[in-house]
Amino acid sequence: MPDHTKPVSYLSILCPTASGPTGRIFESGLSTRGVTAAEGLQRELNVTTFAHRLRELRTARSWSQKELAERAGVTVKAIGALERGERRSPYPHTVRALATALELADDERARLIAMLAPRGTSAHRTPPTPGSGPRSGLPGLPTAVVGRDGIVSALSEELAGRRHQLLTLTGPGGVGKTTVALMAAERVRDRFPGGVVLIELAQVDKPDGIVPAILRGLETSDTAVFDDVGLARLMEDRHLLLILDGIEHLMGWSTSLAGLLRRCPSLVVLATSRARLRLRDEREFTVHPLTHAESMSLFRERLVAAGGEWNNSTRAAVEILCKRSDGLPLAVELAASAAALFGPTALADRFDVVPDVGLRDLPTRQRTMDETITWSHKLLTDSARSLLLRLSVCSGTFSLSTVKAIGNHQTGTLHDLYELIEHSLVLRTANLEGIDRFRLLEPIRQDAAARLSATERVATTADLTKGMLEVIRGLADDLHTINQVTAFQLLEADICSIRLAVLHLIGTGNPALAAELIRLTTVFLAVRGYSREALTWLGRITETPVDDATRARVLVAEAVLMHHSDPATACARARTGLSLARRLADGRLAAEAATLASSTAFMAGDLPMAKTMLIQAEEAVARLDEPWLTTYVRLAGGQIALLAGQVEDSDGQLRLAEAAARQAGGAFEISSVLNARAITVERQGRLDEAAGLLLEALDLAVAVKNRWTLTFIVEALAGVTVRLGNPKLGTQLFAASASLAAEHHVKLDFPTTLDVVARDCGVARSRLQTDEFHQAWQAGRDSGIDAVLAAANHFYTPNRPEDSSAPPAG
C-alpha cells in the first residue's frame, strides 16, 4: 500500500515509473531544456489547469473564442491553442490581456496568472504582479503643433485601416517626424488593444541592439534569451502598434523587421526615418517642411513662449528668419528662442546662420540644427557627403544637369544624388517642363557651405559655371521663339546659379564669358525684372580694360536693360555698340544695336534720330533671316510713324510686326506688338478692338511673367476702360500701372500715349467724386495687379470681341 505520509510529486503521479529507466530518460529530456523533471511536469500540469480554467471563464460568459480574442487583442488561433493546451508558454502580457478582457476580480486575476510560470523562470518563482503590463503611454506632445493636421489625419486613417503593416514617416532631420507619429498614434490607440509602444532608437548603435530595446519597451524582463524569433513569438498574438523612432542608422535590421512582420500578422510598425526602409509592404509618408505662413505662426507661438515680444515692427525681420529656417520646425523653434534673447531685428541683421540655442527637452541629436545635420552626415557614404557639400553652392533649385556639372560628370554622381534624396537631404521640388528640379533646405545648405573648404568652393563654382554656360547656350535659340515661355521658366529656376556664374566669371578674370552669358539672357533679365542687378554686373565687367568684342556685348546689353528707365543713355550705348559691331563685322550684333538705337531714340522723344537709326536697322536686319529682329524693326517703325502723326502708316507697320512676331512665336514680342497696335486702333476710335488687343497682350504678358512692359499695357487698358464707361475700374488700372512702374523702375512717359493718359485720367476724375476717385486709386494700389486684372477680365469678358486682331501670318 502506498505510504500517504510521504509527499506526492507530480512526477510520480504522471509518470509512476519515474524511478526506473523511463523516468530517467524523461527527466533527462526535460533537463536539456533547462528545467528539472519536477519543474517540467509541474508546468505540464499548469498548462492543463490553465487551459481548463480559461475555457470555463469564457463559456461562463457565453463568449465564442472569436469574441474573447477580439476583446483581448489576440488572434482566434491563439485562444484555441491555449484552451487545447498546445500553447504551453504564453507570454505574461497575453495572460494579463486575457484577464483584463474577462474582467476578472483581482484575486481571480492573480490565480489565473499564477497558473503559469513566467517565461524564462522556474515554476516555483514568484509570479508577476497582477495588473502590470507593457508601457503603452506616449510622451506628452508640444502644446502647439502647427501645419500637421493633414498628414496626421492621413496617417491615422492608414493606421486604423491596417492596410499595411509597415508605415514609415520620412523627411529631413528637424521636420517633426516624431511629433507626427505620436499625434497619429494617440488618435488610434484604442484600435490597438495590445498596446501602443514607443521605442526610441537614437541610443542604439547597432542593429543587434534593436531587439533588447523593443523588449525594454514592452517591459519584458528576460531580454537576454530572446532573438528575432523569440521577439516574434512574444508579439505574434498581439494587436500592437510599435513605433520605431529614428531607425535610419539601423538599416541592417530591415530584413529582420520584414520577417517579424510576416510572423506577426496583427503587428503594425510605424517607423520614423530620414530614409525609407525599402521593404515591399512599406507605405511611405513624407513629412514636408512647413509653409511660410505656418512657419510664421509657429515662430510667433515659440517667441512669445520664450518671453519675446511679437509686434508688427519686427514682422519683416521674422519673415527673414523664417525664410532662413525654410520650413523646418526645429530651425523655426531655435530661431524663435534666439530671437527672444537677441530680438528678431538684431538676429536677422547680424546672423546669416541662426545661432543654436539648444532645446534641452529633445534628444541630443535634435537639440541644435548642427547636431541634427551632423547625425545625417554620419549616415552618408564619403562620396555622397562630398556631393552634398558641393551642392551647397546652389542657393536655389537645381537640375540634374547642374548636379552632373558640380559632380564633375563622375560616374557615381547620380548614385550619390539618389543617396542624398533617400536621406531627405536633397528634396525633389517639381518637374518643370519635363525637367526635374531639386534643392537643399536652407539650414542644410548653410551647414554644408560652412563645411566646404574655400578651395573646394572655388572649384565647385567653376564647375557650376561651365554647366550654366552650356545650359544658357542651349536655350539661346528659344528665347525669341514659341518656346520662350518654357525657356524663361528654366532660366528663372536657375537664376541663383546664373548670378553665381556671372560673379564667378567676373571675379576670376573672365569678362568675355561673363558678357556673353549676360547678353544671351538679356531679354529674360529685362522682362523678369532683373535689369538693375544685371546693370551692376555689366558695370563691374568694364571696371577693367576689355576687348572690343566684350565691350560691344556689354553696350548692347546695357541698351536693352536701360530701354525704359533711361532711353537717352540707352540710345547712346546702342550707337556706340553699333560702331564696334560693324568694326568686328558682327552682323547680328550690329542689327540688334541699330534696332535698339532707333527704338530708344523714339522712347527719348528724339524723332529725327529715331528715323535715321531705323533706316540703318532695316538695312542690317534685311541681311538676316531672323523673324524676331524683323518684329522689333517693324515695331519701331510703327511707333515712330504714330509719333509723327501717320496713323495709317503706323497701323500697316504694326500689322507687319505682328505677323513677324507670330511667325517667331515669342510671347513677349507678340504682347509688345499687340499693345502698340491697340494704341493705333484706339486713335482710330475702335475701342472694342483696342480692348481685345490689350486683353490678349495681357494674357501673353502674364504667361511670360513680363514685369517690364506690363506697365504700359495696363496703362493703355486703363484709358480704354475709362472711355468705355467704367471710370472706377479705369482709375484702379491707372493706379496698378503706377505701382508696377515704381516697383520696376519704369518711367511712365511712353511718347505716343502721354497726352492720351493725361486726357483719360482727367476724364476719370471728372466722372467720379473726389472721394470715389481716391478710394478707387487706393484700391488699385492695395489690391495688387492680379486682383485688378481679374476685375478687368470680368468686365471685358462679355464684351470681348471675337475677332479683334489680325490672324497669324502664314
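**Aromatic pairs**

I began with the rings and found that the structure, which is a predicted model, holds six aromatic pairs. I noted for myself that a pair of aromatic rings is described by the distance of the centres and the angle of the planes.

I looked up phenylalanine 488 and phenylalanine 524, whose ring centres are 5.7 Å apart and whose planes meet at 70 degrees, so I entered the pair as edge-to-face, since an angle over 60 degrees counts as such. I then checked where the two residues sit in the chain: phenylalanine 488 belongs to helix α23 (residues 484-493) and phenylalanine 524 to helix α26 (residues 522-527), so that this pair links distant parts of the chain, 36 residues apart. I also looked up their cover, and both phenylalanine 488 and phenylalanine 524 are buried.

The other pair I looked up joins tryptophan 628 and tyrosine 632, and I recorded it as edge-to-face too, with 6.0 Å from centre to centre and 85 degrees between the planes. Here the two partners both lie in helix α32, four residues apart, which is about one turn of the helix. I went back once more to the phenylalanines and noted that ring pairs link Phe488, Phe524 and Tyr530 into a cluster.

**Helix α32**

Tryptophan 628 had brought me to helix α32, so I stayed with this helix. I asked myself what span its residues should have, and whether the ends agree or disagree with it. At 1.5 Å a residue, the 17 residues of helix α32 (residues 627-643) should span 24 Å, and the C-alpha atoms at its ends are 24 Å apart, which agrees.

Next I asked how many residues of α32 are buried. The helix is mostly covered, with 12 of its 17 residues buried, and I wrote down several of them, including Trp628, Leu629, Val633, Leu635, Ile640 and Leu642. For tryptophan 628 I looked up the value itself: its relative accessible area is 9%, so it counts as buried, the limit being under 20%.

I then followed the contacts outward and found that the buried residues of α32 pack against α30 (587-603), α31 (607-622), α33 (647-664) and α34 (667-683). Just after α32 I stopped at glycine 645, which takes a positive phi of about 85 degrees.

**Charges over rings**

I looked for charged ends lying over aromatic rings and entered two cases. In one of them, the charged end of arginine 162 sits over the ring of phenylalanine 192, 4.4 Å from the ring centre. In the other, arginine 283 lies over the face of phenylalanine 285, with a distance of 4.1 Å to the ring centre.

**Nonpolar cores**

Which residues touch the most other members of the largest nonpolar core? This core has 167 residues, and I found Leu241 and Ile243 to be the ones that touch the most other members. The largest share of the core, 10 residues, comes from α30, a helix I had already met as one of those packed against the buried residues of α32.

I looked more closely at leucine 241 and, leaving out residues up to four places away in sequence, found among its contacts Leu159, Ala185, Val188, Phe192, Val268 and Leu270. Phe192 was already in my notes as the phenylalanine whose ring has arginine 162 over it. I also recorded a second, separate core of 31 residues, which includes Val204, Leu234, Leu240 and Ala258.

**Three single residues**

I looked up methionine 183, which has its place in helix α9 (residues 177-188) and is buried, with a relative accessible area of 13%. Methionine 183 and arginine 148 are 35 residues apart in sequence, while their C-alpha atoms are 9.2 Å apart in space.

Glutamate 516 lies in helix α25 (residues 511-520), and its relative accessible area of 17% makes it buried. Apart from neighbours within four places in sequence, I found glutamate 516 in contact with Arg473 and Arg553.

Glutamine 732, in helix α37 (residues 727-744), is buried as well, at 16%. Not counting residues up to four places away in sequence, glutamine 732 touches Ala776, Ala779, Gly780 and Val788.

**The whole chain**

I ended with the totals, and noted 40 helices and eight strands for the protein chain. Of its 810 residues, 53% are buried. The chain exposes about 35900 Å², of which carbon and sulfur atoms supply 51%. Among contacts with a separation of 6 or more, 71% are between residues 24 or more positions apart.

Note on methods. Residues numbered from 1 in each chain as written. Predicted model: local features only at pLDDT ≥ 70, side-chain atom pairs only at ≥ 80, totals over all residues. Heavy atoms only, no water. Expected span 1.5 Å × (residues − 1). Buried < 20%, exposed > 50% of the residue type's maximum accessible area, 1.4 Å probe, protein only. Contact = heavy atoms within 4.5 Å. Phe/Tyr/Trp six-rings, centres within 6.5 Å; stacked < 30°, edge-to-face > 60°. Lys NZ or Arg CZ within 6 Å of the ring centre and 35° of its normal. Core = buried A, V, L, I, M, F, W, Y, C linked by side-chain atoms within 4.5 Å. Areas by Shrake-Rupley, 256 points an atom, 1.4 Å probe, with all protein chains shown as cover.
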